[in-house]
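Thanks for sharing this one. Here are a few notes to read alongside the coordinates, in numbered points.

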Amino acid sequence: MPKFADIKGFAFDLDGVITDTARLHGQAWRQTADTVGTPWTAELAESLKGISRLESLEMILAAGGHANDYTEREKEALADEKNEAYQELIKTLTPADILPGMGDFIRDAVAQGYRLSIASASKNAPAILNNLGLTKYFIGIVDPATLSAGKPDPEIFVRAAAVLDLPNEQIIGLEDSAAGIKSINAAGQTSLGIAAAGVLPEAKLHFTATSQVTLATIATKMNQ
Ligand code: BG6
Ligand code: MG
C-alpha cells in the first residue's frame with residue numbers, strides 16, 4: 001500500500017458514500033420486485049449496490065426465477081418505472097442529507113489541495129450532487145453512459161484517474177459496495193470501504209461509518 005504522503009486525489013462513489021441514496025434505490029427497487037414477484041431480501045438489496053440500473057433489474061428478475069419472463073422492451077419499461085420512482089425520491093435531497101462527516105471531509109480535502117472526482121454507476125449523480133450543494137468540489141464526474149463495463153470492472157475508476165489527471169497509485173477510491181471495492185483494487189488504487197465490520201473484506205482501508213473518515217484517520221491507517 002502507498003504511504004499517505006503519496007496520495008494526491010480521491011475518487012468517490014456517491015450512493016451510500018456521500019449520501020444515503022442506497023436506501024432510496026432499495027425503496028424503488030422493492031416496488032419492482034413486488035411487481036415481478038421476486039421476494040425482497042436484505043441480501044438481494046446488498047448485492048445491487050454499485051450495479052447499473054439494467055443489470056440490477058436482471059438480478060432482481062433472476063432472484064425470483066423470472067430471468068426469461070420479460071422481453072427487452074418490457075425490461076426497459078420496468079427500469080424506466082423504477083427510475084421515475086427514484087427520481088421522485090431524490091428530488092427531496094438537500095445538503096442536510098450529506099452523510100455524517102462527508103461534507104467536512106470533502107471540504108477539508110479540497111482545502112488541502114487534493115483533487116476529487118466522482119466514480120458512480122448512477123446516471124442521476126449530477127442531479128444528486130447538485131441537490132447536496134457539492135458539485136463545485138469535484139473536478140469532474142465520470143459519465144457511466146460512456147463505459148463499456150460497470151463495477152466490478154476497473155474501467156470506471158481508471159476513468160476517474162484520467163479525470164483527476166493522476167496515476168492510479170496516487171488515488172484513494174471510496175466505496176460502500178463489494179463490486180466497487182473490486183473495481184478500485186483492479187484499477188491499482190487504494191480502496192477505502194465504508195461498511196459494517198466484516199462486510200467489504202477486500203477493502204485495503206476499512207471504516208464502519210462515514211463520520212470516521214478524515215484525512216487524519218486515513219493517514220494513521222495507511223502509515224501504521
Ligand atoms: C449505483 C447504485 O451508484 O448506481 C446502484 O449503487 C444503482 O444501486 C446504480 O443501480 C445506477 O443508478 P441510476 O441512478 O443510474 O439508476
Ligand atoms: Mg455505493
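**Notes on salt bridges and the metal site**

1. Let me start with Lys-49 and Glu-46, whose side chains form a salt bridge with an N to O distance of 3.1 Å. Keep in mind throughout that this is a predicted model. Lys-49 has a relative accessible area of 26%, so it is classed as partly exposed. Glu-46 is partly exposed as well, its relative accessible area being 36%.

2. How many salt bridges are there in total? The count comes to nine, and I pick out a few of them below.

3. Please have a look at helix 4, which covers residues 72-90. Glu-72 and Lys-75 both sit in this helix, three residues apart, or about one turn. They are joined by a salt bridge, with 3.3 Å between the closest N and O atoms. Is each partner buried or exposed? Glu-72 is exposed because its relative accessible area, 54%, is over the 50% cut-off. Lys-75, by contrast, is buried because its value of 7% is under 20%. This bridge therefore pairs an exposed glutamate with a buried lysine.

4. Another pair worth a glance is Glu-88 and Lys-91, whose side chains meet in a salt bridge at 2.8 Å, N to O. Glu-88 has 49% relative accessibility and so counts as partly exposed; the cut-off for exposed is over 50%. Lys-91, at 58%, counts as exposed.

5. Some salt bridges share partners: Asp-13, Lys-151 and Glu-175 are linked into one network in this way. Asp-13 deserves a second look, since this residue also appears among the donors of the magnesium ion (ligand 2).

6. Which residues coordinate the magnesium ion (ligand 2)? The donors are Asp-13 through OD, Asp-15 through O and Asp-176 through OD, at 2.0 to 2.1 Å. Along the sequence, the spacing of these donor residues reads D-x1-D-x160-D.

7. Are Asp-13 and Asp-15 buried or exposed? Asp-13 is buried, because its relative accessibility of 4% is under 20%. Asp-15, at 12%, is under that cut-off too and therefore counts as buried.

8. To bring the points about Asp-13 together: this residue is buried, offers OD to the magnesium ion (ligand 2), and belongs to the salt-bridge network with Lys-151 and Glu-175. If you view one region on screen while reading, I would suggest this one.

Definitions and conventions: Residues are numbered from 1 along each chain as its sequence is written. Chains are lettered from A and ligands numbered from 1 in the order in which they are written. This is a predicted model: local features need pLDDT of at least 70, side-chain atom pairs count only at pLDDT 80 or more; totals for chains, interfaces and linings use all residues. Side-chain values use heavy atoms; hydrogens and water are left out. A salt bridge is a side-chain nitrogen of Lys or Arg within 4 Å of a carboxyl oxygen of Asp or Glu. Buried means under 20% relative accessible area, exposed over 50%, partly exposed in between (1.4 Å probe, protein chains only). Helices (H or I, at least four residues) and strands (E, at least two) are DSSP runs, numbered from the N terminus. Donors are N, O and S atoms within 2.8 Å of the metal (3.2 Å for Na, K and Ca); water is not among the atoms, so sites may look incomplete.
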